Amino acid sequence: MSTESPSTERVDINDPKLSRFDIVREGARRDDIEIVHYEPQFPPGSKAEKRMVRIIATFFLITGVASLAFLGVYIFWPWRYELGADQLSNYYTPLLGVTLGIALLGIGFGILTWAKKLLPHEISVQDRHVGTDPEQQKLTGETALYMLDELGLKRRPLLKGAIGLGLAPVAVVAAAPLIGGLIKDPHGDERQSMFKTGFNPVYNEGHLVRLVREDGTPVRPEDVSAGGQITVFPGIDHGATNEWADSPTLLIHLREDDAQKAAAAADADEINRGAYYGNYVAFTKICSHAGCPASLYEQQTNRLLCPCHQSQFLIIDNARPVFGPAHKRLAMLPIDVDSEGFFVAKSDYKETVGPDFWERP
């Protein structure tokens, strides 16, 4: 579209004979804007324009297909990790990344191609000035609407449909990680239906699992001095390796007064009732905020600190969080001493170790 030099005569913008572009041009003139160049890249309805519309629509449709694939993987693909090179669970996270990446690339290429290849070329020069009035507001509004018209959605239904079909699944993709984990309790009716650590007797031929040091030697009560603590692992094959990375536990020998307070708090809780042994308590070392090792124990305050984000847990109150971003207490391991005087786990943890959105009181 060729342009003429702006006239100095003021135009009545309420004249119904004026087109939207006439009003836009008048608004530009009043703002001291000279439209140096303005023309569409393709004649409306031409084969070249339709070809470009199809290309852009394809990008958005690719986004839609990739987003639906992301949702399919997120919902239906086996997500629990299983050992073995050929397990489908190995591909869960990579597939999420690939499908989401393709979806975002489709959006990006679609928008860039639309802006570079389909929107009209415009070169304008403006002298800035101060001030506004009701007519100026109308001019601004009409300009915005004209820009919307220039996107061509009204006369390009293919693009409109492609945007709807392509971008609607993206909104679902954005919401899926936020609400997907809240739809169903992953532990079902039984707390241990899907969650097991190395302290579960099923991994020890049905026998109670001993608490052992990193080198595999079992621990007796007298091995931990009053006010002290020691990191223990399940006494099973590879119990201190990454194969059982959710099993590291902090065994703490509380002082007498503190132990009485901890026992009273545990007995008042249905899950932790009787989980202690004498003056000894055991809690997971995996922080309930982000899974870091909460291993800095202050015996004077009976607080366990996580160095990653400074969460603090009060040991004598069921390891309740008292500071920092963590909002779920640490799981308590029920402990006892076997006939040979070594610590054993009376059962597996009764609560989920580490971060878990399905909280228990």
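Here are legends for four close-up views of this predicted model.

**View 1. Strand β6, tucked away on both faces.** Strand β6 spans residues 280–284, and five of its five residues are buried, so the strand is largely enclosed by the rest of the structure. Tyr280, Ala282 and Thr284 sit on one side, with Val281 and Phe283 on the other. Next to it in this view is strand β5 (residues 249–253), which pairs with β6 in the antiparallel sense over five bridges. One contact to look for is Leu250, whose bridge partner in β6 is Phe283.

**View 2. Arg329 and its two acidic partners, Asp269 and Glu351.** Arg329 meets Asp269 in a salt bridge, 3.0 Å from N to O. Arg329 lies in the loop between β10 (320–323) and β11 (335–337), while Asp269 is in the loop between α6 (256–267) and β6, so this pair ties together parts that are 60 residues apart in sequence. Glu351 forms a salt bridge with Arg329 too, at 3.1 Å between the closest N and O atoms. Glu351 comes from the segment after β12 (343–345), 22 residues away from Arg329. As for accessibility, Arg329 is buried at 12%, Asp269 is buried at 14%, and Glu351 is buried at 9%.

**View 3. A salt bridge between Asp223 and Arg213.** The two side chains come to 3.1 Å, N to O. Both residues belong to the loop between β3 (209–212) and β4 (229–234), 10 residues apart. Asp223 is partly exposed at 37% relative accessibility, and Arg213 is partly exposed as well, at 25%.

**View 4. A charged trio.** Arg210, Asp338 and Glu340 are linked in a network of salt bridges. The count for the model comes to six salt bridges.

Note on methods:
Residues are numbered from 1 along each chain as its sequence is written. This is a predicted model: local features need pLDDT of at least 70, side-chain atom pairs count only at pLDDT 80 or more; totals for chains, interfaces and linings use all residues. Side-chain values use heavy atoms; hydrogens and water are left out. Buried means under 20% relative accessible area, exposed over 50%, partly exposed in between (1.4 Å probe, protein chains only). Helices (H or I, at least four residues) and strands (E, at least two) are DSSP runs, numbered from the N terminus. Two strands pair if DSSP finds at least two bridges between them. A salt bridge is a side-chain nitrogen of Lys or Arg within 4 Å of a carboxyl oxygen of Asp or Glu.
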